[in-house]
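Q: I have this model open and would like to go through its contacts with you. Could you take my questions one at a time?

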Amino acid sequence: MAGEPQDDCLFCKIVEGHVPATIVRETETTLAFRDINPQAPTHILVIPKAHHRDAAALAAEAPQLAADVLRETQTVADLEKLDSYRTVFNTGSGAGQTVWHAHAHLLGGRGLHWPPG
């Protein structure tokens, strides 16, 4: 069920404290932690604490929570002193989503060229 923790979800386990992560910031509704496979000098995941399958589901089911996640990317970027950064939401396996819990990738600390990939 949307919003409910899932037993088989890595990010739900991180939120619940059952799996360790390097936490950068936590709010009532979001959690930000360093990616274990960074693709840039700064690579932080910002997730909603409530489980939603992907960014599209999050936007449809909990638009205020989606806004919280996006707002937190800016707050974390400020804390990390990034003057420019990229925010990425991968939606679906074809786009590279491997954990089925909505999350934003905050990438910075190097030039991020376009197009990506």
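Q: How far apart are Asp68 and Arg71 along helix α3?
A: This is a predicted model, and in it Asp68 and Arg71 are 3 residues apart in helix α3, so about one helical turn separates them. Their side chains meet in a salt bridge, with 2.6 Å from N to O.

Q: And are those two buried or exposed, Asp68 first?
A: Asp68 counts as buried because its relative accessibility is 15%, where the cut-off for buried is under 20%. Arg71, at 46% relative accessibility, counts as partly exposed.

Q: What else does Asp68 touch, leaving out residues up to four places away in sequence?
A: With those sequence neighbours left out, Asp68 touches Thr29 and Thr30. Asp68 itself belongs to helix α3, which covers residues 63-79.

Q: How many salt bridges does the structure hold?
A: The structure holds 4 salt bridges, and one of them joins Glu72 to Arg25, with the closest N and O atoms 2.6 Å apart. Glu72 lies in helix α3 and Arg25 in strand β1, so this pair ties together parts that are 47 residues apart in sequence.

Q: Buried or exposed, what is Glu72? And Arg25?
A: Glu72 is buried, with a relative accessible area of 9%, whereas Arg25 is partly exposed, with a relative accessible area of 29%.

Q: Which residue does Lys49 meet in a salt bridge?
A: The side chain of Lys49 meets that of Glu26, at 2.7 Å from N to O. Lys49 lies in the loop between β3 and α2 (55-61) while Glu26 is in strand β1, so the pair ties together parts that are 23 residues apart in sequence. As for its surroundings, Lys49 is partly exposed, with a relative accessible area of 23%.

Q: Switching to the strands, how do β1 and β2 pair?
A: Strand β1 (residues 23-26) pairs with β2 in the antiparallel sense, over 3 bridges, and the two form a hairpin that has 3 residues between them. Within that pairing, Ile23 has Phe33 of β2 as its bridge partner.

Q: What about β2 and β3, in which sense do they pair?
A: The pairing of β2 with strand β3 (residues 42-48) is also antiparallel, and it runs over 5 bridges. One position to look at is Arg34, which stands opposite Ile44 in β3.

Q: Why call β2 largely enclosed?
A: Strand β2 covers residues 30-34, and 4 of its 5 residues are buried, so the rest of the structure largely encloses this strand.

Q: How many aromatic pairs are there?
A: A search of the whole structure finds 1 aromatic pair. Phe11 and Phe33 form this pair, which is edge-to-face, with 5.4 Å from centre to centre and 75° between the planes. Phe11 belongs to helix α1 and Phe33 to strand β2, 22 residues apart, and the pair therefore links distant parts of the chain.

Q: Are Phe11 and Phe33 buried or exposed?
A: Phe11 is buried, and Phe33 is buried as well.

Q: Where is Pro20, and how far is its C-alpha from that of Phe33?
A: Pro20 lies in the loop between α1 (10-15) and β1, and it counts as exposed because its relative accessibility is 76%. Between Pro20 and Phe33 the C-alpha to C-alpha distance is 10.0 Å, and the two are 13 residues apart in sequence.

Q: Now the cysteines: how many disulfides does a search of the whole structure find?
A: The search finds 0 disulfides. Cys9 is in no disulfide, and the nearest cysteine sulfur to its own, that of Cys12, is 3.6 Å away. Cys12 is likewise in no disulfide, with the sulfur of Cys9 as the nearest cysteine sulfur at 3.6 Å.

Q: Why doesn't that 3.6 Å count as a disulfide?
A: The sulfur atoms would have to be within 2.5 Å to be counted, and the sulfur of Cys12 is 3.6 Å away from that of Cys9.

Q: Buried or exposed, what are Cys9 and Cys12?
A: Cys9 is buried, with a relative accessible area of 5%, and Cys12 is buried too, with a relative accessible area of 3%.

Q: Last one: what sits over the ring of Trp100?
A: The charged end of Arg53 sits over that ring, 4.3 Å from the centre of the Trp100 ring.

How values were computed
Residues numbered from 1 in each chain as written. Predicted model: local features only at pLDDT ≥ 70, side-chain atom pairs only at ≥ 80, totals over all residues. Heavy atoms only, no water. Buried < 20%, exposed > 50% of the residue type's maximum accessible area, 1.4 Å probe, protein only. Helix = DSSP H or I, 4+ residues; strand = E, 2+ residues; numbered from the N terminus. Pairing = 2+ DSSP bridges. Contact = heavy atoms within 4.5 Å. Phe/Tyr/Trp six-rings, centres within 6.5 Å; stacked < 30°, edge-to-face > 60°. Lys NZ or Arg CZ within 6 Å of the ring centre and 35° of its normal.
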